[in-house]
Every structure is written in C-alpha cells, then in structure tokens.
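Here's a quick briefing for anyone meeting this structure for the first time. Have a look at the model first, and then we'll walk through it topic by topic.

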Amino acid sequence: MKTNIAVFFGGRSTEHEISVISANQAMAAIDRDRYDVTPVYITKQGKWFTGPELMNVANYRDMKSLLDKCTEVYMNPEFGDYNLYRRKKSVFGSNVLTKIDVVIPVLHGSNGEDGIFEGLLETIGIPFAGCNTLASANGMDKITMKMILQACDIPVVDYVWFTDKEWFAHRDELIEKVETKIGYPVIVKPANLGSSVGIGRAVDRQQLMERVEDAARYSTRIIVEDMVENLKEINCSVLGDCDDYRTSILEEPIKSGEILSYEDKYMGGGKSSKGMQASQKRFPADLTDEMTKKIQHLAGETFRVLSCHGVSRVDVMVNADTDDIYVNEINTIPGSLSFYLWEASGIPFNELMNELVKLALKRKREQEHKTVSYDQNIFSMGGGVKGGVKGGAKFNK
C-alpha cells in the first residue's frame with residue numbers, strides 16, 4: 001500500500017490564503033505513484049475539512065460551495081491514533097475516513113507555524129515533516145529567536161521589545177529606550193507574524209507611536225529594530241535536520257517601497273495565485289562568492305541552533321555600505337516551501353516533497369529509541385495522598 005500523506009493548510013492566520021496556495025503547489029508536486037494524498041483544510045474559524053475539491057485553488061473563490069462538497073473531519077488527540085475521523089458519524093460502519101501515515105504541515109503564521117499545531121501532532125505521535133513544537137515557537141517569535149541567535153554569536157540588528165500592555169502603561173519610558181539604544185529610523189513589527197503583516201517604518205516619535213499601535217493590533221509582543229537603510233535582503237533555504245543539512249542558492253527579493261511588502265512577496269505587484277514564487281527577485285542573488293558562502297553559513301547556523309527540521313527559509317539583511325550581514329528571521333514553513341530555490345539548486349519539487357517524508361519518518365524512528373517514561377508505578381509503593389508516602393519515604397521531583 002502507498003504511504004498516505006496528509007497535507008494540512010489554511011488555518012486561523014493572517015497568512016491563510018498564502019497557505020492555501022503553498023499547499024496546493026506542494027500537493028501537485030507529490031509523486032502519486034509513491035504516495036496517496038489527503039488534503040486537510042483548516043478554515044479561518046478552525047474547522048477541518050477534506051475532499052479532492054480542495055486540491056484546486058480556483059475552487060476557493062466560492063467557499064460555501066467548496067465546503068458543501070467536502071467532509072468535515074477531526075483527529076483524536078490520543079497517542080498512536082493516526083486516523084482521520086468524520087465529524088458526522090456514519091449510521092452504519094466505522095466513522096474512520098482514512099488512516100494517515102505522515103503529516104506535512106503547510107500552515108503559515110500564527111496558530112500553525114508557531115508550534116501550536118506541531119504540539120498536537122507530537123501529542124498524537126504521528127510522523128510529521130518540519131520543526132517540532134519548540135523550534136517552531138522559537139522560530140516564529142522574533143524576540144526569542146533573536147535572543148537565541150545572539151547567545152550563539154549569530155549577528156542580528158539592535159532591538160527593543162515589549163508587550164502591548166507595557167507600551168500602554170509605560171509608553172514614554174519605552175520611547176526613550178528606543179531613541180537611546182537604537183535611534184531613528186526603526187522598523188516596528190509584531191513579534192510573531194510573518195508576510196510583512198503589521199510591519200512599518202518609523203523616522204520620528206510620532207511615527208513610532210503610530211507603528212507600535214498598528215503592530216499591537218496583531219500581537220501582544222512587539223519588537224522595534226534598527227533599520228539598515230542601504231539594505232539588500234537575501235533569502236536562503238535550508239533542508240534537513242539540525243545535525244545534517246544543506247543550503248540552497250540565494251535570492252534577492254525586489255521591494256517596491258522602503259520595506260518588502262505582502263504584495264511584493266506574494267503578488268508580484270498584482271493579483272497572483274503563485275505564492276512566494278510570484279515575487280520579483282534577482283535569482284541567484286548578485287553577490288560575490290565570498291559573500292554567498294558567508295550567508296549560506298549563517299543560514300545553516302541559524303537552522304542548527306534553533307534545532308530546525310524539514311525545509312526552512314532564512315532571511316538575512318546586508319548593509320550595502322559596509323557588507324555587514326544580519327540574520328533577520330527564519331520561516332520554518334516558508335511560502336511555496338521555497339521549492340523554486342531547491343529546483344535551482346538541483347532538487348525538483350517532487351524530490352523535495354519526498355525528502356520531507358523521509359525526514360519525518362527518520363525523526364520518528366530516532367524518537368522511538370528515547371526513554372519517555374519508566375515502567376514503575378509509584379502508587380504501588382504505598383504512596384499517600386496528602387503530600388507524602390507512607391513509611392516516611394520521600395520523592396524528589
């Protein structure tokens with residue numbers, strides 16, 4: 001029997017539509033002679049649906065009609081239960097719709113790329129491609145990511161961070177901290193969103209206040225970063241796991257304004273259904289061999305120290321005046337799964353998908369050799385119920 005791959009996409013995220021595009025690209029690339037594919041679409045309200053109609057982006061123009069043709073489903077959060085169940089139980093027979101062998105999450109942004117969904121998969125114990133809960137959470141949050149990178153001597157720009165409540169309670173002190181530590185211009189970002197949503201440039205105090213209040217609409221944690229003015233943005237994809245990985249060729253996205261916008265990334269300046277592939281770019285990036293190797297090394301190190309897995313994309317910034325390089329962020333589930341970077345590096349999209357399946361199964365095999373519990377029942381040893389154990393024995397946590 002073929003391995004059944006469930007591709008999860010959509011989700012409760014500002015990047016919902018981009019996820020749909022990326023997932024449809026990925027599903028089209030999976031080798032059907034080797035694998036079966038089960039699409040699982042998560043609506044903006046958090047409901048799960050499956051059906052072959054989900055594998056055509058054009059069907060999403062009429063969402064009601066699309067979902068009427070699909071089956072609402074769920075998974076049981078029980079370790080070892082890899083079944084996908086019908087929400088409406090069958091009158092006769094089992095309500096198991098199919099058994100899943102491997103999950104490939106193609107969920108961008110919050111409630112999917114940030115460890116929340118990965119935690120569910122780890123609870124079930126099902127093999128899945130991509131970063132685990134911890135790496136996903138650290139990779140998604142721009143604050144904790146920069147803290148880890150700094151601790152590992154990977155260069156990042158100066159920054160100040162705070163919560164939305166801190167901002168409203170101590171705004172003047174935080175403004176002074178930004179102006180003293182960084183100075184203008186700055187970039188203001190929600191800490192845990194991607195796709196340039198909620199991001200803005202500030203050149204003075206008034207703009208800073210406006211940008212922070214906009215970012216606070218999307219996240220409780222906000223980061224203000226030093227802006228590299230004569231900037232080259234360079235992207236590099238990394239494939240593998242933190243102990244064995246390879247890096248792709250580099251691309252330089254072309255921005256239409258002062259920062260790379262959502263439209264620059266996904267719409268190529270107009271309407272598009274091609275996702276990240278549609279963005280305008282120099283490909284490969286126009287860099288010296290020495291600079292290319294430095295950026296690939298930093299991308300690999302970022303992937304390694306964050307304990308990443310699967311395919312990610314690391315975005316770096318180059319100061320064109322000084323050639324200083326700073327890691328900007330990592331996308332643990334990149335738009336279009338960065339397939340175009342790997343095709344240009346000699347790995348076709350169908351082989352990229354096959355590699356993700358192999359990585360998922362390899363990690364599962366390795367995890368099965370780790371001890372997660374002891375075959376000992378402390379209650380059978382005379383344990384009490386009020387903070388101690390009969391007979392005077394004590395246990396340390």
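Two residues count as being in contact when they have heavy atoms within 4.5 Å of each other. By that yardstick L97 touches T50, V73, L84, Y85 and R86, leaving out residues up to four places away in sequence. Keep in mind that this is a predicted model.

**The chain as a whole**

- The chain holds 12 helices and 16 strands.
- Out of its 397 residues, 52% count as buried.
- Take the contacts between residues at least 6 apart in sequence: 65% of them join residues at least 24 apart.

**The nonpolar cores**

- In soluble globular proteins, nonpolar side chains tend to be buried together.
- Here, the largest nonpolar core has 38 residues, and V7, F9 and M353 have the most contacts inside it.
- At least two residues of this core come from each of β1 (3-10), α1 (16-29), β2 (35-42), α2 (63-68), β7 (102-106), α11 (339-343) and α12 (349-367).
- Which element gives the largest share of this core? That's α12, with seven residues.
- There's also a second, separate core of 30 residues, and I143, L149, V238 and V318 are among its members.

**Where α1 meets α12**

- The helices α1 and α12 pack at an angle of about 95°, and their axes are 8 Å apart.
- That angle makes α1 roughly perpendicular to α12, since anything from 65 to 115 degrees counts that way.
- On the α1 side the meeting involves Q25, A26 and A29, and on the α12 side F349, N350 and M353.
- Sorted by class, the contact of α1 with α12 has four nonpolar residues, two polar ones and no charged ones.
- M353 shows up twice in this story: it's in the contact with α1, and it's one of the residues with the most contacts inside the largest core.

**Helix α4 and its surroundings**

- Which residues of α4 (residues 133-140) are buried? They are A135, S136, N138, G139 and M140.
- The cover over those buried residues includes α3 (116-124), α5 (142-151) and β16 (325-331).
- At the start of α4, a side-chain oxygen of N132 comes to within 3.3 Å of the backbone nitrogen of L134.
- Helices α4 and α5 pack at an angle of about 100°, with 5 Å between their axes.
- They are therefore roughly perpendicular to each other.
- From α4, the contact uses A137, N138, G139 and M140; from α5, it uses K142, T144, M145 and I148.
- By class, the contact of α4 with α5 has four nonpolar, three polar and one charged residues.

**Spotlight on L97**

- L97 lies in strand β6 (residues 96-99).
- Is L97 buried or partly exposed? With a relative accessibility of 32%, L97 counts as partly exposed, because buried would mean under 20%.
- V73, one of the residues L97 touches, is 24 residues away from L97 in sequence, yet their C-alpha atoms are 8.2 Å apart in space.

**Spotlight on Y245**

- You'll find Y245 in strand β13 (residues 244-253).
- Y245 has a relative accessible area of 29%, so it's partly exposed.
- Setting aside neighbours within four places in sequence, Y245 is in contact with V238, L239, G240, G300, E301, F303 and R304.
- Y245 and G300 are 55 residues apart in sequence, but C-alpha to C-alpha they are 7.4 Å apart.
- The backbone oxygen of G300 also lies 3.4 Å from a polar atom of the Y245 side chain.
- V238, in contact with Y245, is part of the second core too.

**Spotlight on R313 and R282**

- R313 sits in strand β15 (residues 309-319).
- Is R313 buried or exposed? R313 is buried, with a relative accessible area of 2%.
- The side chains of R313 and D315 are joined by a polar contact of 2.8 Å.
- R282 belongs to strand β14 (residues 281-282).
- R282 is partly exposed, at 41% relative accessible area.
- Not counting neighbours within four places in sequence, R282 is in contact with L250, E251, E252 and I254.
- Between R282 and L250 there are 8.8 Å in space, C-alpha to C-alpha, and the two are 32 residues apart in sequence.

Technical notes:
Residues numbered from 1 in each chain as written. Predicted model: local features only at pLDDT ≥ 70, side-chain atom pairs only at ≥ 80, totals over all residues. Heavy atoms only, no water. Core = buried A, V, L, I, M, F, W, Y, C linked by side-chain atoms within 4.5 Å. Buried < 20%, exposed > 50% of the residue type's maximum accessible area, 1.4 Å probe, protein only. Helix = DSSP H or I, 4+ residues; strand = E, 2+ residues; numbered from the N terminus. Polar contact = N/O pair within 3.5 Å; in protein donor to acceptor, adjacent residues only side chain to side chain. Axes fitted to C-alpha atoms, helices over the stretch in contact; angles between N-to-C directions. Parallel < 35°, antiparallel > 145°, perpendicular 65-115°, else oblique. Nonpolar A, V, L, I, M, F, W, Y, C, P; charged D, E, K, R; others polar.
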